[in-house]
Amino acid sequence: MIDLYTWRTPNGRKPLILLEETGLPYNLIPVPLDGTQKEPWFTAINPNGRIPAMIDRETDITVFESGAMMIYMAEKTGQFLPTAGQARADTLSWLMYQMGGIGPMFGQFYHFQHSAPEKLPYAIQRYKDESRRLLTVMDGRLAEAEYLAGAEYTIADMITYPWVNNLSFLEPAAGEFAHVMRWVETLKARPAVQRAMEMTIGDE
């Protein structure tokens, strides 16, 4: 049994997709982003005070950071992560692309555009431009491959989808990022992805 500590954010939904895809049994524990994630009981699980985090109750292994969680669960089940060679390297590379690029840059753009107490045009434009650049790279990859790591659906796709499933906030032009949008529609049609994205977490 996996105890998943999470909330209804793009980062919080990543491991849910993998759990739903693999059928691993799990217990969903909401962690509201109202300061709860900074309480001592939770920082004992994740010292960084961020969701998601998990405890594998079969082994008493604790894992935090969504990329590490995805690798752990994929290896535990033997699914969605190639075991060797270029396919594994590509999966891990694109997984880290999301962790180091898509997530942080999209998150900063959204913050400065919608949440910051002061509108800072330089910050807004900087993070918008970088988000669009990252999408252009991703679009180029998906022009030559069905999924991010190649021909097979992997944790690289699962970890990226919650951040990219709705691009309207980046104001794409008609037909822009067409390969990304094809990929989005492919993943959106998967029942496990639908369940993970629609799941109630906390008092919604």
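The charged end of arginine 126 sits over the ring of tyrosine 127, 5.8 Å from its centre; the criterion is NZ of Lys or CZ of Arg within 6 Å of the ring centre and within 35 degrees of the ring normal. I should state that this is a predicted model, in which local features need pLDDT of at least 70, side-chain atom pairs count only at pLDDT 80 or more, and totals for chains, interfaces and linings use all residues. Residues are numbered from 1 along each chain as its sequence is written, and side-chain values use heavy atoms, with hydrogens and water left out.

Let me turn to the aromatic rings. The structure holds 11 aromatic pairs, a pair being rings of Phe, Tyr or Trp (its six-membered ring) with centres within 6.5 Å, called stacked if the planes are under 30 degrees apart, edge-to-face if over 60 and tilted otherwise. For tyrosine 147 and tyrosine 153, the centres are 5.8 Å apart and the planes stand at 50 degrees, so this pair is tilted. Both tyrosine 147 and tyrosine 153 are buried (under 20% relative accessible area, against over 50% for exposed and in between for partly exposed, with a 1.4 Å probe and protein chains only). One aromatic cluster is formed by Phe106, Phe109, Tyr110 and Phe169.

Finally, helix H8, residues 191–198 (helices are DSSP runs of H or I, at least four residues, numbered from the N terminus). Its buried residues are Ala192, Val193 and Ala196. These cover an arc of only 100 degrees around the axis, which puts them on the same side of H8; the arc is taken from the directions from the helix axis to the C-beta atoms. Exposed Pro191 and Glu198 lie on the face of H8 turned away from its buried side.

Conventions:
Helices (H or I, at least four residues) and strands (E, at least two) are DSSP runs, numbered from the N terminus.
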